[in-house]
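Subject: Structure handover and notes

Dear colleague,

I am passing on the structure below for your own work. My notes on what was found in it come straight after.

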Amino acid sequence: MLLLGCIKEVSDYELVISLPSGLLGFVPITQISDAYSKLLSQQVAQGELPEGLNSLLDMYSPGTLVRCIVTSVEKSDDGRRSIKLSIDPKKVNKGLNASALATGMLLSGSVSSVEDHGYLIDIGVSGTHAFLPHEKAKNYIKALKRGPDLKIGQNLTCVIVEVKNGGRVVHLSIDRSEVAASLATEKQNWALSNLLPGLVVKARVQKVTPFGMKLTFLSYFTGIVDFMHMDPEKSMNYSPDQVVKACILSVHSGSKAVRLTLRPAFLHPGGSPNQLSSDRLGAVVEESTVKAFYKQFGALFELDDGTLAFARLKHLSKNRKSFKPGAFKAGCKHKCRIIDYSLMDEMCVVSLKHQIIEAQFLQYQDIHTGDVVQGKVFSLKPIGMQVKVADGIKGLVPSIHLADVILKQPEKKYNVGDEVKCRVLECNPAGKKLILTLKKSLIQSKLPVLTNYEDAKPGLITHGFVVCAREFGCIVKFYNDVKGLVPKNELSSEPISCPDKVFYEGQVVKVMVLKCEPPQERLLLSFRLSSKSGPEDKRDCPSKEKQEVKYQIGEIVDVKVLKKKDNGLEVSILEDEDNMVAWIPMQHLSDFVATSKLLWHCLQEGDVLPRVMCLSDKGEHIILSRKSAVISAVQEEQVVRSFSEIQPGMLLTGYVRNVMPFGVFVEFPFGVTGLAPKVSMSDKFVTDTKDHFVVGQTVIAKVMSTDEEKQRVLLNLKVSECSSGDSAAESFALLNQYFKELKEIRDLLKRGEPSMAQSLCELVPGKELQLVVQDVREDGSARLSGSCVTGLTVTATRYHVGEKNIVPGKKTKALVLHVDVPTSEVYVSLREELLKQRPKQVCVQCLDLCVS
């Protein structure tokens, strides 16, 4: 059977294809084309990547229409049918022969080689050489934005523009305008043996029924259009003998059944169907209206936003006995949940089942690393145990994670169907990969879950599990494949000569982070939670030959941004003959945490940052800071260079290195670190330390005491204790710096979309706007628009809508509450009490001038 499908997902080894009637099919990597399979075979034989072999992710993207042929229908372990497909032109176009090829024909092909003047295309016709000139491909390549050339194995929709030597040579085009204008005609001599899905034809309505209609096309063919493939805007207006444009969806050569679609998205070859917004998948619709009920198929609904949805019979009720057909008359309303979206039907798939509406997880994207989930044992295998978390969601519990100790006979502890509580070790929605643990020590742990290297701050204590014990120490793994080394000298306070005899694979352990280098994914740990070794302990570092230290701490340099990373900027130091590369952590872009994030968002590769200070140069990498307060402290010599220089009563400028439940660690230039205990953090009572300070925040700290033997410094961060006396001058200097950085951010913003940048720059909290209500959401919040907020997303939450009776199209006054620059989102209030008491606006530029 031949089908027109749409790529829904692309993974390393297969394509997931959306098929008509809400079905899914799978194209294995070996069913792309002969040329691509040949390259894969070379890779297996040679053990290395051959030239010209690209991954499926490099060649295919969701939303692309492809012609497929069903190769098999297999039954999976859970009883579901799995449709295996092929897009290999030799199988899809097997009904064509050289003599049948004609100008204007639309068919599938696959790139088999790249030549000087174009591409050789495999169209699956024996004895025919198909050539695609560069001229006929350049517009397609430009629009696709996947590099300068087509790739071997890439599937194409082609139009035959010239046939030579009785079909032995054909010239093709994939130009979008030529493909979109293609129309199958009688002159092309199509027969049922070679009729292809994706062909657009002129058809005549023969018969109209409640379930669809019958068409005739290409003189003597007949086909069916079912109710899901009528044009939604014209579904009630079709009549016999009416001429319509239709696209062939499927051809079954055995039964000679042809199905077509009248949906507009398919009537121009080379296009793609509409897609559902990702935030709608999984949404619960309180009131969906029944449009029609088909007793053999299911029910058609109209959702709250006007889109159509379909529920199969099995999803209309809990079971057959509880099903009541009378509840699905046209106009009846039901609560449902969007469980999928059929690209080929351009329609949501919904369920009315209570257990699905109330389900915690509907798709892999709903599950996060560290979540505790309930599931049922699905199967036991040598590599571990499969657990069904929800319909369509299964996870694997590896053998070492079946219990706190290694189970030799897990089948004695677990049976298929048992309810189990697991914790998510790793979740990869793209690859539908879910790794779970049944270790009670991990499931019941109240310690922080370590899911990335950036969160591994020195001093952090957490649970992990041993994956390797050798003479050098232990490798401990956490969540999301984060792992670190516990050196031999940090395994215990007592010497351990053979770690592999003390520790075992899978053992749950409590560790403390000593040191972490996120860019290199290096993590150093300790089992000695109460030992002296801490963030400042350097004994754990393996001896290395130190590289030359080129920049002194406190030295000022200019830098150029090379690369933006999630946690900072990679920069090159200007006027350095060796083009030294350095690192500015995000929190060191400014003294102000919020401003640091804004600056990171606005900066681009190639930007120059003047007057940046060297904070650390260990030879292997240089750390820089742009914190003005820290730079000023170093330049004015208001710093200590070693522990011996610290004296009680000193006021030092530093930055928060770590926030712990018992206090805050503060680091100063030249590497000295101190602790501000909970009682000395604030003039207010401190319940949770994280409510008062964040990592990277610039602070002024007062030295309370020192312990030379333990090399410890106790600090005070109370504002009342940390003022030098002239608090007004300090505050104005800080405020002046803040406004300077805001002006810098505004200048950087203006480089973007002019209208959006102008809007962002002009919007300040407290400003009154005249807006128009766009729509009101299910949760009571409203989305608004207006000429003053062009290109921005403006939202008023349910609380800030207040008692106002608002409807789409209504004009209203609104007060700006907050502007989120990175996401271009603006939050406003419509509440009358806030609009009446609107604070006076302050001109930032004027205030800037006054301060300076």
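**Hairpins and strand pairing**

In the hairpin formed by β44 and β45, where 4 residues lie between the strands, S824 takes a positive phi near 55 degrees. Please keep in mind that this is a predicted model, in which local features need pLDDT of at least 70 and side-chain atom pairs count only at pLDDT 80 or more, whereas totals for chains, interfaces and linings use all residues. Residues are numbered from 1 along each chain as its sequence is written, and side-chain values use heavy atoms, with hydrogens and water left out. Strands (E, at least two residues) and helices (H or I, at least four) are DSSP runs numbered from the N terminus, and two strands are said to pair if DSSP finds at least two bridges between them.

On that basis, β44 pairs with strand β45 (residues 825-829) in the antiparallel sense over 5 bridges, and D820 has E825 in β45 as its bridge partner. Strand β44 (residues 811-820) is also joined by 5 bridges to strand β41 (residues 768-776), again running antiparallel, with E768 standing opposite L815.

Another hairpin is made by β37 and β38, with 5 residues between the strands, and there F670 takes a positive phi near 75 degrees. Strand β37 (residues 663-667) runs antiparallel to β38 and is joined to it by 5 bridges, V664 standing opposite A676 in β38. Strand β38 (residues 673-677) is mostly covered, since 4 of its 5 residues are buried, where buried means under 20% relative accessible area, exposed over 50%, and partly exposed in between (1.4 Å probe, protein chains only).

**The barrel**

A barrel is closed by 5 strands in the order β31-β32-β33-β35-β34, with mixed pairing, and the twist from one strand to the next averages 55 degrees. Within this barrel, strand β33 (residues 581-585) and strand β35 (residues 622-625) run parallel and are joined by 2 bridges, and A582 stands opposite I622 in β35. Helix α10 (residues 628-635) lies across β31 (556-565), β34 (608-617) and β35, at about 65 degrees to β34; axes here are lines fitted to C-alpha atoms, for helices over the stretch in contact, with angles running from 0 to 180 degrees between N-to-C directions, and contact means heavy atoms within 4.5 Å.

**Aromatic rings and charges**

The structure holds 10 aromatic pairs, counting rings of Phe, Tyr and Trp (its six-membered ring) whose centres lie within 6.5 Å, with planes under 30 degrees apart called stacked, over 60 edge-to-face and the rest tilted. One of these pairs, F227 with Y294, is stacked, at 3.7 Å centre to centre and 20 degrees between the planes. F227 lies in the loop between β13 (221-226) and β14 (243-252) and Y294 in strand β16 (residues 284-294), so the pair ties together parts that are 67 residues apart in sequence. Both F227 and Y294 are buried, and they form one aromatic cluster with F297 and F310.

The rings of F662 and F665 are edge-to-face, because their planes stand at 90 degrees, with the centres 6.2 Å apart. Of these two residues, F662 is partly exposed at a relative accessible area of 46%, whereas F665 is buried at 15%.

A charge is taken to sit over a ring if NZ of Lys or CZ of Arg is within 6 Å of the ring centre and within 35 degrees of the ring normal. The charged end of K394 sits in this way over the ring of F378, 4.9 Å from its centre, and R831 lies over the face of Y799, at 4.1 Å from the ring centre.

**Cores and buried loop residues**

The largest nonpolar core, a set of buried Ala, Val, Leu, Ile, Met, Phe, Trp, Tyr and Cys residues joined through side-chain atoms within 4.5 Å, has 52 residues, and those with the most contacts inside it are I121, L150, L195, L215 and F217. Apart from it lies another core, of 43 residues, which includes V557, I745, L748 and V826.

A98, in the loop between α3 (89-92) and β6 (106-114), is buried at a relative accessible area of 17%. Not counting residues up to four places away in sequence, A98 touches V125, T128, G166 and G167, and the C-alpha atoms of A98 and V125, which are 27 residues apart along the chain, are separated by 6.4 Å. T128 is placed in the loop between β7 (118-122) and β8 (129-133) and counts as buried at 11% relative accessibility.

With best regards
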